[in-house]
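Reader: I would like a close look at a single part of this model, followed by an account of the wider structure around it. Please take the time to connect the details.

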Amino acid sequence: MTDKSKSKQAVTKVDRRKFMAGVAVAGAAVVSTEAKSAILPPGAPAPAAPSAMRPSTVMAQAEVATASVSAPAYPGTQNGKPGSDYMVDVLKTLDIEYIVTNPASSCRGIHESIVNYGGNRMPELLTTMHEESGTAMAHGYFKVALKPMGSLCHGTVGLQHAAMAVYNAWCDRAPILMMIGNEMDANVRRPGVPTTHAAQDPAAMIRDFTKWDDQPGSLQHFSESMVRAYRISMTPPYEPVLIVMGEELQEGVPEPGHFENFSIPKVALPTPPQGESNAVRETAAMLVAAENPVFVVDRVARTPAGLALMVELAELLQATVVDQGGRMNFPNMHHLAARGAAAIRRADVVVGMELTDFWGTVNDFSDTAHAQQGPIVREGTRMVSIGTGDVYIRANYQDFQRYQPVDIAIAADAEATLPSLIEAVRMLLDGAARTRIDNRGQAARDAYNTARSRVAADAAASAWNASPISGARLSFELWELIKNEDWALVSRDQSISNWPHRVWTFDKYYQWIGGPGGAGIGYGLPAAVGAALAHRPHGRLVVNIQNDGDCMYAPGALWTAAHHKIPLLNVMHNNRAYHQEVMHLQRMASWRQRGLSDGSWRVATTIENPNVDYAKLAESMGVAGIGPIENPNDLAPALRRAIDIVKAGEPALVDVITQPR
């Protein structure tokens, strides 16, 4: 190769054998003053300690990065600014606060640069015990922080570990900046395990449930692709993206002068698409004329503004809102809030907004030996869909559910469409319509007051004094202790019969984040830790009602919470079983007219013999553990003690032995 052709290469390849020999000879000299100076920007004073180091000023669009270094301290060292330092410069322009990782060799270049060159700040590395847990943390974090977190995985094996969590985020429309290390060039790729963990196209394994991916071939390519990935991920519908970072790209040093040609594009996020004006006006006319309009919402509120707009629209029409809970879309104690299918059965107009499953919303499917299915809406009921589901869809995984015919399909972001829909409705309201709407609102208030009066009686009838402890008792005791705090629930409550949503008052956007999206087990605990991390700067009391089976998929998330001092109250719903599977087994036996009275329902469904002591498990990870609590009279004191620990800035766990549901 000529000198001219060598100069065209963006990255100088490192002689790995010499590098390893240098490490063996130099030993502790790796962290010498000379070595540290090699990662400092020009003219910067030498820091007193590695934690005080900061990168060069992050570049604007036309600025360039340069670096001057001292002579190598020992054979095998690099002389110049490595590519991974430049990658950190790019990441800093994207306001990425955290990157979760379970460290490994394919990411060692950017790992070292984040810690030393970047000072482990913006982004800061968070240590997780499993890539699936780390990615689930990023999922939960976004739903509170409303900005993405990075997830750094090791090659093919790390990405395979993370895949389930990526799929959950895909189904839940949560952006995550996935990054993995890989080495395409067999000539420089280390033999053995590093080659086993490399691939020609590692992104292929999750391409069906990510929105975009790339494997940049140069540092400038990385710069543009990372900015593009952020933009794509943060454009509705939000989804995970993946950037594959070559090991040579991370570890090599560009030749002198090459940084002068590098630039970092600025990010300009697109405005979410609004509904077409004629379709919006037609929908408004349909709603104003309706006798019983119903809104069914799942992920309509991308931001707190979406919650406020949804309340405004519902009150303008005094229309019932069925919140399916993918996000905090509507206050649960509002007189227009409804649960279940009863409101949909009465509707003459149904508007579905950002629904996961419109077909399942307006149809009934009986899971029996001879499956029966059919509509629950009245004949002639008109239907409208508003959402980005039609904007972006993939063919393989069936998260888009069955096809539901509608009268008007608006392929647009529902939150962005709400202002124009509100205005169109307001323009159509005359005196007669307002009278009809007022009467409908009064009827809704009367029905709400009647329903609320039954809640306490229902709770008392739900095994209030029983041991194991009922979900109703658990929810009431928790509510009495947190209702005067600035609280947030970061877990689903389906497994305890939705008692928190029947008892607690959810009226702030951050108090609820929905579920996993793809129903993948192992999401709950790490997602709660990620959400609690986002709540931490606000000083909120964060509650996670944690399913026991889900915890056993990813108990290492407790260690991450302790290590990074993330305050989180974990209340174990410890029914000592995968109870959903117990019910499936019972159903199959019933269909086939076989009894389960001999206890065969326990086979491959229960988590007992031995029972898991979650308090001791938590303590082994550095988290305060309390319990197990079996007597309901001991529950409130145990919860109060744990809350005091959490309010002091530490995570805690209360192991509560509970009823199955």
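Is Val-362 buried or exposed, and what is its relative accessible area?

Author: In this predicted model, Val-362 is buried, because its relative accessible area is 1%, and the cut-off for a buried residue is under 20%. The residue is found in helix α14, which covers residues 358–362. Leaving aside residues up to four places away in sequence, Val-362 touches Ile-344, Val-350, Pro-375, Ile-376, Val-377, Met-383 and Gln-404. One of these partners, Pro-375, lies 13 residues from Val-362 along the chain, and the C-alpha atoms of the two are separated by 5.8 Å.

Turning to the chain as a whole, 52% of its 661 residues count as buried, and its secondary structure comes to 25 helices and 19 strands. Among contacts between residues at least 6 apart in sequence, 80% join residues at least 24 apart. The accessible surface of the chain comes to about 28,100 Å², with 52% of that area belonging to carbon and sulfur atoms.

As for enclosed space, a search of the whole structure finds three cavities of 30 Å³ or more, and the largest cavity holds about 140 Å³. Its lining includes Phe-142, Arg-173, Tyr-238, Arg-302, Glu-354 and Asp-413, and the lining residues divide into five nonpolar, one polar and six charged. Both domain 1 (56–259) and domain 2 (277–450) contribute at least three residues each to the lining of this largest cavity.

Note on methods
Residues are numbered from 1 along each chain as its sequence is written. This is a predicted model: local features need pLDDT of at least 70, side-chain atom pairs count only at pLDDT 80 or more; totals for chains, interfaces and linings use all residues. Side-chain values use heavy atoms; hydrogens and water are left out. Helices (H or I, at least four residues) and strands (E, at least two) are DSSP runs, numbered from the N terminus. Buried means under 20% relative accessible area, exposed over 50%, partly exposed in between (1.4 Å probe, protein chains only). Contact means heavy atoms within 4.5 Å. On a 1 Å grid over the protein atoms alone, a cavity is a set of points where a 1.4 Å probe fits but cannot get out, and a pocket is an open set with protein on both sides within 12 Å along at least five of seven lines; lining residues have an atom within 4 Å of a point. Grid points are joined across faces, edges and corners, and a volume is the space filled by probe spheres set on the points. Ala, Val, Leu, Ile, Met, Phe, Trp, Tyr, Cys and Pro count as nonpolar, Asp, Glu, Lys and Arg as charged, and the others, Gly among them, as polar. Domain bounds come from an automatic or database domain assignment. Accessible areas come from the Shrake-Rupley method with a 1.4 Å probe; for residues, only the protein chains shown count as cover.
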